[in-house]
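Hi,

Here's the structure I said I'd pass along. Have a look at it first, and then read on for what turned up.

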Amino acid sequence: MIERTDYCGNLRKSDCKRDVQLNGWIKKIRSFGKLLFVDLWDHSGLCQLVFEITDKNEKIADCIVGDCIGVHGKVVERKEINKNLNTGEIEVAVSDYVVYSNSSPMPIDRSKKLSEDIRLKYRYLDLRTDKMQKILRVRHNYLKAIREFLNKEKFVEVETPILSKSTPEGARDYVVPSRINKGNFYALPQSPQLYKQLLMIGGMDKYYQIARCFRDEDFRANRQAEFSQIDIEMSFIKEKDIIDLTERMIKYSFEKILDIDIQIPFQRMEYSKAISKYGTDKPDLRFGMEIKDLTDKIEVEGFKILENIKKDGKKIKAIKLKDEPLSRKNIDLYTEYVKDFGAKGLIWFIKENDNLRSSISKFLNDKGESIEKQMKMENDDTVLIIAGDENVTNESLGKLRLKLRDDFNLIDNNSSMEFVWITHFPMFEYSEKEKRYKANHHPFTMPYKEDIKKYKDSNPSKIRSYGYDIVLNGEEIGGGSIRNHINSLQKEVFDILEISPEEQEEKFGFFLKALQYGTPPHGGIAFGLERIIQILTDRKSIRDVIAFPKTTNASCLMTDSPGKITKKQLNELGIIIKRD
């Protein structure tokens with residue numbers, strides 16, 4: 001083997017006359033009589049090689065794209081500079097070479113746009129691109145920065161078990177049958193939630209982990225069955241301590257990767273305000289267009305539909321699209337769009353040439369003047385109104401706001417970073433499907449004690465929690481809470497969730513028992529690593545930031561997994577496959 005002295009993409013004009021030894025893959029090969037030009041690639045980039053064909057090296061002409069070779073030669077100045085390459089001022093005149101392995105003809109054509117399925121099937125070849133190399137190195141450097149920061153803050157990195165116990169109240173578990181204990185199953189962790197809390201009970205004080213997590217979710221376009229999260233937990237802290245640590249960590253790590261100044265502290269917004277003003281708990285603050293509540297601020301007399309909405313205690317809400325008088329065709333399209341989220345329809349007002357026109361102005365006694373005034377309409381503005389149940393109006397206008405953002409390019413600066421903390425999450429939300437209350441974050445979040453007393457029996461959905469999310473440009477990148485460290489209060493939460501005492505003992509007995517032994521106040525946060533890297537590298541698909549990702553249906557096109565196992569393995573596990 002030729003012992004490497006340099007990486008292909010690092011050579012420059014200042015290296016001329018140096019003897020170098022390079023290893024890599026052939027990206028392109030071109031023959032011009034007695035001269036053969038080869039583009040050699042490694043993770044650092046391309047370098048052009050020049051072979052003067054002789055009896056000694058004539059077999060290099062038999063090489064093809066994908067062959068793995070090593071060369072020895074001298075760096076010389078190019079006669080014609082290639083300004084598209086960092087190494088475009090030089091080339092290497094090869095004096096000796098070794099072919100390490102020959103490649104079969106490439107199954108992918110880089111001159112054409114490749115489908116994602118092809119890229120995933122031949123992922124090991126897809127990794128031989130500057131784009132994928134850069135992304136995976138950004139991922140590495142980001143984790144390096146995170147570890148540097150947390151280590152300086154005296155955190156201890158602890159690994160928690162992968163084979164654990166299946167617990168309710170989360171997504172669907174991936175389960176692993178036990179051969180030794182037939183009929184029993186492990187579960188792969190959806191997060192290290194209980195283990196990190198047990199570490200706090202064990203006196204670890206400050207813990208972190210780059211944790212692998214697994215969730216058997218239904219078809220989701222931008223989710224993965226297995227993913228990584230940056231997991232953090234601290235003892236004897238309040239919410240403000242976690243927020244302060246997180247902001248400093250984000251500032252440190254983002255500045256390391258992007259070389260930009262991140263301003264802290266970040267904005268904070270209560271959950272109820274986020275839902276009311278943006279229709280989502282993940283607001284994108286890079287543009288305005290807040291949702292306005294017009295219910296008690298406009299005249300609706302003359303239009304029975306809005307009169308009845310107010311009479312029934314429902315909501316009339318609106319957003320304003322500035323300087324864009326929508327066409328009827330667009331309005332019809334947006335009307336159909338919001339119907340997907342439960343809205344009955346879309347009321348519109350457009351101001352042009354100081355005149356107000358609308359789908360309903362002829363019915364209103366004031367012809368819509370109160371709406372014009374409340375929405376501060378100017379010429380060419382369009383106001384879109386949805387009326388009905390508050391949850392429906394909020395969600396529908398929130399979704400419409402984001403669609404208008406994309407359709408009209410409402411973000412002036414795509415490189416801007418708008419962070420916001422969402423706090424005071426409701427502890428519980430009612431599931432119409434299951435006809436019971438479920439935990440909004442998770443059941444181990446600390447509820448407001450005064451709310452538990454006030455609303456436990458009458459309306460648990462009004463109970464607030466010490467839960468918080470951090471949102472960047474409309475994407476949740478992390479979430480956490482102050483934890484429930486009181487055994488009796490934890491049981492009260494389980495009771496509201498209708499987890500029977502027997503199931504509490506079966507699923508969480510070990511944890512409830514641990515809470516009896518002097519549990520410190522504690523809290524933490526977890527960040528979705530892939531989501532952060534996706535933002536840092538400006539990728540549309542989360543699969544681009546994972547070395548070997550799964551498809552949307554949790555399969556791997558490269559290894560053809562999941563796959564079947566043998567009858568012998570099934571018998572050892574005591575499992576019989578039931579066919580539909």
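Let's start with Asp 381, whose side chain reaches the backbone nitrogen of Glu 378 at 2.8 Å. Keep in mind that this is a predicted model, so treat that distance as a value computed from it. A second backbone nitrogen is involved too: that of Asp 323 lies 3.0 Å from a polar atom of the Asp 381 side chain. Is Asp 381 buried or exposed? Its relative accessibility is 0%, and buried means under 20%, so Asp 381 counts as buried. You'll find the residue in the loop between helix 9 (369-374) and strand 16. Leaving aside neighbours within four places in sequence, Asp 381 is in contact with Lys 320, Leu 321, Lys 322, Asp 323, Phe 349, Ile 350, Lys 351 and Lys 376.

Some of those names lead straight into the sheet next to that loop. Phe 349 stands opposite Val 383 in strand 16. Strand 14 (residues 347-352) and strand 16 (residues 382-388) run antiparallel, and four bridges join them. Both belong to an open sheet of five strands with antiparallel pairing, in the order 12-13-16-14-15. Strand 12 (292-293) and strand 15 (355-358) have a single partner strand each, so they stand at the edges with one side lacking a neighbour in the sheet.

Two helices lie across this sheet, at rather contrasting angles. Helix 7 (residues 304-311) lies across strand 13 (315-321), strand 14 and strand 16, and runs at about 120° to strand 13. Helix 10 (residues 390-407) lies across strand 13 and strand 16, with an angle of about 10° to strand 13.

A couple of glycines are worth a click while you're in this part of the chain. Gly 288 is in the loop between helix 6 (271-278) and strand 12. With a relative accessible area of 41%, Gly 288 is partly exposed. Gly 288 and Leu 410 are 122 residues apart in sequence, yet their C-alpha atoms are 8.8 Å apart in space. Gly 302 sits in the loop between strand 12 and helix 7, and at 37% relative accessibility it counts as partly exposed. Not counting residues up to four places away in sequence, Gly 302 touches Glu 307, Phe 363 and Asn 365. From Gly 302 to Met 375 there are 73 residues in sequence and 20 Å in space, C-alpha to C-alpha.

On to the domains. The domain assignment of the chain gives domain 1 (13-101), domain 2 (118-268 + 416-422 + 524-575), domain 3 (287-408) and domain 4 (426-464 + 486-519). Taken over C-alpha atoms, the centres of domain 3 and domain 4 are separated by 39 Å.

There's also an open sheet of eight strands, with mixed pairing and the order 6-9-10-22-21-20-17-11. Its edge strands are strand 6 (156-157) and strand 11 (267-270), each pairing on one side only. Strand 6 pairs with strand 9 (residues 206-214) in the parallel sense, over two bridges, and the bridge partner of Val 156 in strand 9 is Tyr 207. Helix 3 (residues 130-152) packs on the sheet and touches strand 6, strand 9 and strand 10 (226-235), with its direction making about 150° with that of strand 9. Helix 5 (residues 239-258) lies across strand 10, strand 11, strand 17, strand 20, strand 21 and strand 22 (522-528), running at about 30° to strand 22.

Which residues of strand 20 point which way? Gly 467, Asp 469 and Val 471 point one way, Tyr 468, Ile 470 and Leu 472 the other, and all are buried. That fits the count for strand 20 (residues 467-472), where six of six residues are buried. Strand 17 (residues 419-423) runs antiparallel to strand 20 and is joined to it by five bridges, with Ile 470 as the bridge partner of Trp 421. Strand 21 (residues 475-482) also pairs with strand 20 in the antiparallel sense, over six bridges, and there the bridge partner of Val 471 is Glu 476. Strand 20 and strand 21 form a hairpin with two residues between them, and Asn 473 in the turn has a positive phi of about 50°.

Cheers

Terms used: Residues are numbered from 1 along each chain as its sequence is written. This is a predicted model: local features need pLDDT of at least 70, side-chain atom pairs count only at pLDDT 80 or more; totals for chains, interfaces and linings use all residues. Side-chain values use heavy atoms; hydrogens and water are left out. Two strands pair if DSSP finds at least two bridges between them. Contact means heavy atoms within 4.5 Å. Axes are lines fitted to C-alpha atoms, for helices over the stretch in contact, and angles run from 0 to 180 degrees between N-to-C directions. Domain bounds come from an automatic or database domain assignment. Buried means under 20% relative accessible area, exposed over 50%, partly exposed in between (1.4 Å probe, protein chains only). A polar contact is a pair of N or O atoms within 3.5 Å; within protein, one must be able to donate a hydrogen and the other to accept it, and residues adjacent in sequence count only if both atoms are side-chain atoms.
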